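Reader: Could you walk me through this one? I'd like to talk about its core and its charged side chains.

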Amino acid sequence: MKKVIVTGGSGFIGSNLVNFLIEKKFYVINLDKLTYSSNTYKNKLRNKKNYKLIKIDIINKKKITKIITKYKPDVIFNLAAETHVDRSIDGPRNFIQTNIVGTFSLLEALRQLQKRKINPKLIHVSTDEVYGDIKKNYRSLENDRYEPSSPYSASKASADHLVKSYIRTYKLKAVISNCCNNYGPYQFPEKLIPKMISNIFENKELPIYAKGKNSREWIHVEDHCSALFQLYLRGKNGESYNVGSGINLSNINLVKKLLKICNIMNIKIGKKTKIKYVKDRPGHDFRYALNSNKILKKLNWKPKIKFEKGLKQTI
């Protein structure tokens, strides 16, 4: 049974990836700090025969090195990250520590272990936000310049640059994925889709920044997991791959779609559940959009879950 390490395996994407890998009959070691947004529900459902959860901060290079030495994984998926943009604006320090220093600690552990012939492939999971604000009718390519706008996206961009430097300087086996917005069941309700759904259930207002015209690309988390698995199997070392669906919606149209689906599903919408425009956040990018032709053509991957079907499942 092949061994896999997933850092941040109790987060939204990480917990789904852990389940995906367990179903593929891998032995999965989940390294997670278990912060406020950890998905403890899915942790309880797992068969302990091929799953182990280790509470650890990725910054702890000594412990990370010991764990990698002990288990000798075939691959490491690095999803350990602080991800909420609003929180990064209110307090950037945790984002710098986890997203930059944590990635650096992992890279240093891998660099040192190369000398001992322990050389797992690293799949470093990044974001479309590193490309910054994207003009209408354009979609970001892997070799486009990084122009991050928030402390969150800047910290992820910094981590990407570190990974690229270790690939070139130390010949580290690594691949970078830049993915669009994820959605799906059991996402922590500070993100847009689960927050709107929760507020609909609880008869609360639906707050949307500015006029809700900001555009985002959406992918179901299970499709993202299948893409990450393909990057492990076939992703070329040293390469970056955009992972997207090609589905872009403005925030206001997304919320209207959620309300429409709830109506179709006969979910009661209370009198207080109304769209409310609120003051825009600082440095708010207007549009993200990815060109995912590289992974589509070179790795023969494509998303399978239709957006409306995925939203119904999430609701």
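Here is a short chat about the core and a few charged residues.

Author: This is a predicted model, where local features need pLDDT of at least 70, side-chain atom pairs count only at pLDDT 80 or more, and totals for chains, interfaces and linings use all residues. Numbering runs from 1 along each chain as its sequence is written, and side-chain values use heavy atoms, leaving out hydrogens and water.

Reader: Which element gives the largest share of the largest nonpolar core?

Author: A nonpolar core here is a set of buried Ala, Val, Leu, Ile, Met, Phe, Trp, Tyr and Cys residues joined through side-chain atoms within 4.5 Å; buried means under 20% relative accessible area, exposed over 50%, partly exposed in between (1.4 Å probe, protein chains only). The largest one has 38 residues, with Val6, Leu21 and Phe77 making the most contacts inside it. Elements giving two or more residues include strand E1 (3-7), helix H1 (12-23) and helix H8 (221-234); helices (H or I, at least four residues) and strands (E, at least two) are DSSP runs, numbered from the N terminus. The largest share, seven residues, comes from H8.

Reader: Which residue forms a salt bridge with Arg139?

Author: A salt bridge puts a side-chain nitrogen of Lys or Arg within 4 Å of a carboxyl oxygen of Asp or Glu, and here the closest N and O atoms are 3.1 Å apart. Arg139 lies in the loop between E5 and helix H6 (151-170), 78 residues from its partner in strand E9 (residues 215-220). Arg139 is partly exposed at 26%, whereas the partner is buried at 0%. That partner is Glu217.
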